[in-house]
Amino acid sequence: MSNITIPTALSFVAPGLGHLINGHWLWAIFWFIITPGFWIGTGGLAGWLCHFICAWQTHKQGSK
């Protein structure tokens, strides 16, 4: 795997983990806090949305 896909895959596993690997500490903290809130608050529906947005953002930041 290339360096771009590993953090992206990690963001699917645990949103924020890919940002942590890429060195984006504030985004990592943001996703570590926001995603569980959306999972609990919406019964899981918006939690999936957060997973995809986080992974997409990780991929975009890593490909720059």
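User: Helices here are DSSP runs of H or I with at least four residues, numbered from the N terminus. In this predicted model, which helix is Pro36 found in?

Analyst: This is a predicted model, and the values that follow are computed from it. Pro36 has a relative accessible area of 38% and therefore counts as partly exposed, and its C-alpha atom is 9.3 Å from that of Pro15, with the two positions 21 residues apart in sequence. The helix in which Pro36 is found is α3.

User: Which residues form a nonpolar patch on the surface, with about 450 Å² of accessible area together?

Analyst: Two of the members can be placed in the same way as Pro36, since Leu26 lies in helix α3 and Ile29 has its place in that helix, which covers residues 25-42. Leu26 is exposed, because its relative accessible area is 72%, whereas Ile29, at 47%, is partly exposed. The residues that form the nonpolar patch are Leu26, Ile29, Phe32 and Ile33.

User: How many Å separate the C-alpha atoms of Leu26 and Trp56?

Analyst: Leu26 is in helix α3, and Trp56 is 30 residues away from Leu26 along the chain. Between the C-alpha atoms of Leu26 and Trp56, the separation in the model is 16 Å.

User: Which residues does Trp27 touch, not counting residues up to four places away in sequence?

Analyst: Trp27 lies in helix α3, and because its relative accessibility is 37%, Trp27 counts as partly exposed. Its C-alpha atom is 9.6 Å from that of Gln57, although the two residues are 30 apart in sequence. With contact taken as heavy atoms within 4.5 Å, and with residues up to four places away left out, Trp27 touches His19, Gln57 and Gln61.

User: Why do the buried residues of α1 line one face of the helix, and within what arc do they fall?

Analyst: Helix α1 spans residues 5-13, and Pro7, Thr8 and Ser11 are buried in it. An α-helix has 3.6 residues a turn, so residues three or four places apart point the same way. Seen down the axis of α1, the buried residues line one face because the arc within which they fall is 100°.

User: What does the cover of the buried residues of α1 include?

Analyst: The residues in question are Pro7, Thr8 and Ser11, which are buried in helix α1. What covers them includes two further helices, one at residues 17-22 and one at residues 45-62, namely α2 and α4.

User: How many disulfides does the structure hold?

Analyst: A disulfide is a covalent bond between the sulfur atoms of two cysteines. Cys50 is in no disulfide, and its nearest cysteine sulfur, that of Cys54, is 8.5 Å away, which is too far for a bond. Cys50 counts as buried because its relative accessibility is 7%, and Cys54 counts as buried because its relative accessibility is 0%. The number of disulfides in the structure is zero.

Technical notes:
Residues are numbered from 1 along each chain as its sequence is written. This is a predicted model: local features need pLDDT of at least 70, side-chain atom pairs count only at pLDDT 80 or more; totals for chains, interfaces and linings use all residues. Side-chain values use heavy atoms; hydrogens and water are left out. Patches are made of residues with over 30% relative accessible area and no salt bridge: like charges are joined within 9 Å, nonpolar side chains (Val, Leu, Ile, Met, Phe, Trp, Tyr) within 5 Å. Accessible areas come from the Shrake-Rupley method with a 1.4 Å probe; for residues, only the protein chains shown count as cover. A salt bridge is a side-chain nitrogen of Lys or Arg within 4 Å of a carboxyl oxygen of Asp or Glu. Buried means under 20% relative accessible area, exposed over 50%, partly exposed in between (1.4 Å probe, protein chains only). The arc is that of the directions from the helix axis to the C-beta atoms. A disulfide is a pair of cysteine sulfur atoms within 2.5 Å.
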